[in-house]
Structure formats: C-alpha cells, structure tokens
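What follows is a walk through chain B of a predicted model. Keep the structure open while reading, and start from the helix named after the display.

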Amino acid sequence: MANTEASLKEAMTSIEGTLGVALVDYTSGMALGTLGGGKDFNLEVAAAGNTDVVRAKLRTMEHLGLQDEIEDVLITLGGQYHLIRLLKARGSNGLFLYLVLDKGRANLAMARHQLKRIEAELEV
Amino acid sequence: MRTAPAPVTALSPMLQRLADERATGALMRDRGTLYLAEGQVVHAESPATPGIDVLLTTGGGLHRDGWWEAVARAGAGQRVGRYLVDSGRVPGGALELCHLGALYDAAFFALAPTRTPARFRYGVSHWIGPVRPVPVDAVQRETLRRRELLERIWPDAAGDSAPLVRTARPVDAPVPPARRRVLDLVNGVRTASDIAQELGRPAFHVLVGLRRLAAAGLVEAVRELPAATAPGRVALPEVTADPDVALLRRLRDALEAL
C-alpha cells in the first residue's frame, strides 16, 4: 500500500532517466507532491501549466463527441520527454502523474509501462 | 478589479510567526481554522467547504458507517486517519490525497482576507491525527496561487459567496461533465459552498467551475434585492467586531437562570 511519497520515490528511482515527477490535481492545478526538478526546473509551475494541457485535450474530445478517456499524453522536446498519466481509480477523480524524462537516457516504452504500474500501486 | 499579488508574508503575519516559533495548536480565523504541529500545518477546516468526512464518504468510496465507527474508536485517541488505513477501510494513498486536498481547500478559505483578528490556542490538536504535515510556506504559496487562478479565469468574486442563478443565455458549447453537475445545482438559492456540500467536492474546485461558467455567461450572482422589496425579512444589525461583553454575560446568566 504505497503512499504519495513512496510512489513518487519509486517513479524517481525505478524509471530510468527520470528528472522529476509530480502528482497533480488538475482542477486546481496544485501539485500534491513533487520529487526531483530543481532550480532550473520548477515542478510546481510545470504542474500548474500542464493542467491546461489536460484540460484543452479533454475539451477537444468533448467538442468532437468522443466518448473515451485519456490514458496518457506524451510531449517530446529536443532533450526531454514529458509524460502525463491520468489516474483512473475510484476516488482519484482529476489527478494526473507528471513525469519528466531525459531523452538520452530514457526508454519510453518502459517508462510508460512502469508509470502504469506505479499508478496501480498508488491505490487511489 | 485586479490587484498585484501580495508578498507571501502579507497573507497572515501571525501564521508566519507561529511557523517560525514551531508552535502547536489551532489558529482560528474568521472563515476557518488551521491546525499546526511544530510549526507545520497538519489539518484545516472551514465552514465554506466540505470536510474530509464528506469528501471520503461521497467521493472516496468510504461508507458513512465506516467513517463514524472510525471516529468512535479512534477519535478520542486522535488517530482517526491511522485507524481508517489500518482497518483497511481507506488505502493509505487515498487518505493522504484526500486529506491534502481537504487541507489546502480549507486553508484557502481560512486564509481569506478578513478584518476580524485571528486567535491561536496553544496545544490544541485535531482528532484526525497525523496524516501528512505541510510547511506553512507551501500553504501560503498555494493559497495565493489559487487566488490568482480564480482571478485569471473570471475577475469577479461576486459569485463566490452569494446565491447563484442561471442566466437566460442558452448553453451553446458543450459543458464538461464535472462542470455540468455544478451548473445543474444552480437554482437561485444555493451558494458555491452549498453546491460543494451537495456534490461532496472541494469548494475551491466548485469555485473554479463556477468562475468558468460565469465567464461563459451561464451563471451569475443573485443581485441583492433592496430592503423595501424583500418584505418579511428582519434586518439584523451588522455583527460588530467589538461585542458588548457585559451585556452578553448578563444574557448568558439570564438564560442559565431560566
């Protein structure tokens, strides 16, 4: 039974190339927990900003009339991957995990797979 | 009206001082209470927003009986949170997230600007018990960020506390399900806090939804009627910040003597 901190720690240590991870409430844009990041990468700012990404995508799906859910969102930069995974479990309405990966070191397929496992372990 | 974001210290100098001296107790403000343990925020409550009991029982999949049993068994020992997890009623992660959500939500309202002075009672702790303490700085920062977020969505706070009403404008764009549920409860009587209680959702989330609905022109605050057109309502004098203590004592004594 993992708590927030343990889950973030596990993401940080077990997913190769992770630079930072945050658990975010996307209605308020608040980071409920962050790990990693640093002076040149403020995870709280990134968390708040990425709520707009999730919201925009959800709104677009609404406009298109798609009756489906977002599993994850991948954003590819020159040197980083940003991975957003929406939590589905009951009671976790409106949370997502946000993962920043070093593109040179990360294995994207593995990272997605492991993030899925961490989500399940968070048991929310 | 747009105001420049105030520096963090301006939010509550008293709270800052209590954090610096690593105080333990309850900070009671006009619109809510913050519980501190060794200078960190461990819990918050506000009448403006549903408590963690409502959040857990409506959104978190906990049965009301389970909640009350936990309060009965572990309330006196101030370990209700621990008991809920240990007895397998609520997963640890879920309790933590729900509690953090409730804490920041209540803190937003408790730290709202007020003219009433705050009071601090040393040594008081909350019966929910230790879940996950948050630094005072983080709470103040988050509260300011939330104020700015609301301001950015729709810069009119009139609908935050007044009863709300639907406008005549038809819904011309799809409204997301969560916001739709908020819209459906707007009836000219309910306030944002009432809607939050009804839905079992944090009141700040409801405010975000309502400001977006206001920005879309779908919802507005009920304009207060002039006194003359509202018959049958007794006009009470404004609550004074300086109560007549002697008079209150006499009243209490008289009531006790009945």
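On the other side of α1(B) from its buried residues, are P13(B) and D20(B) buried or exposed? Both P13(B) and D20(B) are exposed. The buried residues of this helix are L15(B), L18(B) and A19(B). These three cover an arc of only 100° around the axis, and therefore sit on the same side of α1(B). Helix α1(B) thus has its buried residues on one side, while P13(B) and D20(B) are on the other.

The next point is what the buried side of the helix faces. The cover over the buried residues of α1(B) includes three strands, β1, β2 and β4 of chain B, together with the helix α6 of chain B. The three strands appear again in the packing of the helix as a whole: α1, residues 13–20 of chain B, lies across β1 (25–29), β2 and β4 of chain B. Its direction is at about 175° to that of β1(B). Just after the helix, R22(B) has a positive phi of about 50°.

The strands under the helix belong to an open sheet of five strands in chain B, ordered β4-β1-β2-β3-β5, with antiparallel pairing. At the edges are β4 (119–122) and β5 (134–135) of chain B, each of which pairs on one side only.

Within this sheet, the pair formed by β2 and β3 can be followed residue by residue. Strand β2 of chain B covers residues 32–37 and strand β3 of chain B residues 40–45, and five bridges hold them in antiparallel pairing. Two of the bridge partners can be named: L34(B) is matched with A44(B) in β3(B), and L36(B) with V41(B) in β3(B). The hairpin made by β2(B) and β3(B) has two residues between the strands, and E38(B) in this hairpin takes a positive phi near 50°.

Strand β3(B) also pairs with β5(B), to which two bridges join it, and the two run antiparallel. Here V41(B) stands opposite V134(B) in β5(B). V41(B) is thus a bridge partner of L36(B) and also faces V134(B). How many of the six residues of β3(B) are buried? Five of them are, so the strand is largely enclosed by the rest of the structure.

The view can now be widened to the whole chain. Chain B has 10 helices and seven strands. Of its 258 residues, 36% are buried. Among contacts between residues at least 6 apart in sequence, 72% join residues at least 24 apart.

The domain assignment divides chain B into domain 1 (8–153) and domain 2 (157–221). Their C-alpha centres lie 25 Å apart. Domain 1 of chain B gives 15 residues to the contact, and domain 2 of chain B gives 13 residues. On the domain 1 side, the elements that give two or more residues are α2 (52–59), α5 (92–110) and α6 (136–153) of chain B. The largest share of that side comes from α5(B), with five residues. By class, the domain 1 side has nine nonpolar, four polar and two charged residues. Helix α6 of chain B therefore has a place in both parts of this account, as it is among the elements covering the buried residues of α1(B) and among those giving residues to the contact with domain 2 of chain B.

Key. Residues are numbered from 1 along each chain as its sequence is written. Chains are lettered from A and ligands numbered from 1 in the order in which they are written. This is a predicted model: local features need pLDDT of at least 70, side-chain atom pairs count only at pLDDT 80 or more; totals for chains, interfaces and linings use all residues. Two strands pair if DSSP finds at least two bridges between them. Helices (H or I, at least four residues) and strands (E, at least two) are DSSP runs, numbered from the N terminus. Two residues are in contact if their C-beta atoms, placed from the backbone, lie within 7 Å. Axes are lines fitted to C-alpha atoms, for helices over the stretch in contact, and angles run from 0 to 180 degrees between N-to-C directions. Domain bounds come from an automatic or database domain assignment. Ala, Val, Leu, Ile, Met, Phe, Trp, Tyr, Cys and Pro count as nonpolar, Asp, Glu, Lys and Arg as charged, and the others, Gly among them, as polar. A residue is buried if 20 or more other C-beta atoms lie within 10 Å of its own, exposed if 12 or fewer, and partly exposed in between; C-beta atoms are placed from the backbone. The arc is that of the directions from the helix axis to the C-beta atoms.
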